[in-house]
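Student: Please pick one part of this model and go through it closely. Then show how the rest of the chain is laid out around that part.

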Amino acid sequence: MQATKTTRLIHTGYLIGLLCVVLTHPTLSAEGPMLIVNTPQAEIKVDRSQDAKVLRTVKQGNRFWAFATTENWYEVKDPKSQQHGWISREQASPIQLTAEQMQKINSAQETYSKAMKLYSSGDRKQAVQLGLQALEQVKAVHGKYHPDTASVMSFPAVAYHELQDLEKATSYTEECLEIRRQVFGNAHPETAASLNNLGSLYVTLKRYSKAEPLLKESLNLARTQLGTKHQGTVSAMINLGSLYEAMGKYKQAETLYQQILSVMIQNYGKDHYRKSVVHDKMAKLYLQMQAYPQAEQHMQQCHAIRQKSLGETHPETVNALHERGRIYVMQEKYAAAEPIFLKCLELVSSETGENHLQTTILRDNLVMIFDHLDKYSEAEKLMLKNLKIRRDSLAQQHPDLLYSLNSLGNYYFARQEYSQALPYFKEALEITQKTRGAEHPTTAVALGRLGNLYRMLGKKSEAEPLLSQSLKINQKALGTDHRATIQAQQNLAALNETPGDDPPAE
């Protein structure tokens, strides 16, 4: 009997797990027809002989994918035993598609192609609806347990992930894995891809106990099927390492990342960009472990590789440099962090311009550094510059504008230059009341800042209603025992005391 040719609908886009890419090889098409058992029961045997040992007895209507054919036998994989076996042509036959079914499959392909085009153009919502339509068309012909069904089902899984509907993405990915286990068995590359996809989704959803066995299985499959040096195996190792990080199993993650670094050097050499990705992950892992010298070493190597492979001004290179500075800050090595943040500001400014909003964030970092190094005049200049840029570029209610106003107010308050702090705290309060409402805890903070400032200026009549309102808001929103409520009570009580040098309550 001539095997009928079926049309495969392949979706090769796999979900991205955490910060790394899952198995990157394209979906592999199995060769051969989809079989259906056409006798009351059939036997799957270890070899092509009537007297061979029976692996499993199956009932009429069961479906299998034929991986190879001979004149009298089909080779299939038994999903339960994970063994290749043989079923006779007398007991099973290819599923023949009628003209009507072929028309439905062609229609499904057209719908699927439209969905992919919409997806590529950015219209995710319309694309996923067409993808679901194509899925139903394929299921109507092939049923649930068919490779094409799994392939088309992977599309809404990816699309829903992009749309941040993780529950729906998980549901389709779970079903996709179930189908691929049934059709291809547990050791097939498409099954491995689904394992990785689902495991990564579980990590995102913090369902770690569900994710771990899947990602372990995926890694074992990758090592067996692809080898220890394959990029797909490396990606599976990164996914499992990321899971261990999330679970707080830092030593297991460290072991995996060290193995990955060794493979990267063997595959690409010491200066390849991909090696920088692993250095970045290791630096962040060591930060969580508070192993700062190791974190510093790996981030330095990450920066050096990116500088060489991407260029000094590339955003990823600048980000690695910025992370080096952040590691110094976490160790309170502010003098070491200063030249790094200055260099970041120089590089970003040269690319985006002095007045770009991205540069304001870098200046905020430098303000913090200058403050710790007692370089107050330099800090003041940067804060004033940032405020002007944000006034010109942002809406009045933008959080970054509020940040600049409060930063300057706090700066002048700390230096006891209360009159200079006043306009900044007043404007910050007005914006907060408009954006957050009169009874929001953030409004209570702004009221407390301004009330304390009036207290320091000796203006009790202006301070009292502000501090009283701050206390009422906190009592109502946070309760009487909350730290902010207690601080508000202390602020109000301090009205009758001699003004001190305490900063505004946060």
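Tutor: Threonine 443 lies in helix 17; helices here are DSSP runs of H or I with at least four residues, strands are runs of E with at least two, and both are numbered from the N terminus. The model is a predicted one, in which local features need pLDDT of at least 70 and side-chain atom pairs count only at pLDDT 80 or more, while totals for chains, interfaces and linings use all residues. Residues are numbered from 1 along each chain as its sequence is written, and side-chain values use heavy atoms, with hydrogens and water left out.

Threonine 443 counts as buried because its relative accessible area is 0%; buried means under 20% relative accessible area, exposed over 50%, and partly exposed in between, with a 1.4 Å probe and protein chains only. Leaving out residues up to four places away in sequence, threonine 443 touches Leu429, Thr432, Gln433, Arg436, Gly437, Ala438 and Ile473, where a contact means heavy atoms within 4.5 Å. Arginine 449 is also placed in helix 17. With a relative accessibility of 10%, arginine 449 is buried too. Its C-alpha atom is separated by 9.5 Å from that of serine 470, although the two residues are 21 residues apart along the chain.

Helix 17 (441-456) is one of the elements that give two or more residues to the largest nonpolar core, after which the view can widen. That core has 48 residues, and Leu405, Leu450 and Leu453 touch the most other members; a nonpolar core is a set of buried Ala, Val, Leu, Ile, Met, Phe, Trp, Tyr and Cys residues joined through side-chain atoms within 4.5 Å. Other elements that give two or more residues to it include helix 15 (399-414), helix 16 (418-436) and helix 18 (460-478). Leucine 405 is in contact with Leu387, Arg391, Tyr424, Glu427, Ala428 and Ile431, when neighbours within four places in sequence are set aside. There is also a second, separate core of 39 residues, with Tyr202, Tyr244, Leu285 and Tyr286 among its members.

The chain's domain assignment gives domain 1 (34-96) and domain 2 (398-497); such bounds come from an automatic or database domain assignment. The centres of domain 1 and domain 2, taken over C-alpha atoms, are 78 Å apart. On the side of the lower residue numbers, glutamine 41 is placed in strand 4 (residues 41-45). The C-alpha atoms of glutamine 41 and valine 58 are separated by 5.5 Å, with their places 17 residues apart along the chain. Apart from neighbours within four places in sequence, glutamine 41 is in contact with Thr57, Val58, Lys59 and Gln91.

Next come the annotated repeats. An unreviewed UniProt entry lists "repeat: TPR" at residues 192-225, 234-267 and 402-435; UniProt positions are in the numbering used here, feature names are shortened, and annotations may be inferred rather than shown by experiment. Residues 192-225 are 91% helix and 0% strand, with end C-alpha atoms 10 Å apart. Residues 234-267 are 94% helix and 0% strand, and their end C-alpha atoms lie 11 Å apart.

Two loop residues share a backbone feature. Glutamine 290, in the loop between helix 9 (273-288) and helix 10, has a phi near 60°, a positive value in a residue other than glycine. It counts as exposed because its relative accessible area is 57%. Glutamate 332, in the loop between helix 11 and helix 12, also has a positive phi near 60° and is not glycine. At 59% relative accessibility, glutamate 332 is exposed.

On cysteines, the count of disulfides is 0, a disulfide being a pair of cysteine sulfur atoms within 2.5 Å. Cysteine 344 is in no disulfide, and the nearest cysteine sulfur, that of cysteine 302, is 12 Å away. Cysteine 344 is buried because its relative accessible area is 0%.

Last is confidence. The chain averages a pLDDT of 86, and 91% of the residues score at least 70; pLDDT is the predictor's confidence in each residue, from 0 to 100. Confidence is lowest in strand 1 (residues 16-17), at a mean of 26, and highest in helix 10 (residues 292-309), at 96. Residues 1-31 have a pLDDT below 50, and this stretch has 99 contacts in the model beyond near neighbours in sequence. Where pLDDT is low, the predicted coordinates should not be read in detail.
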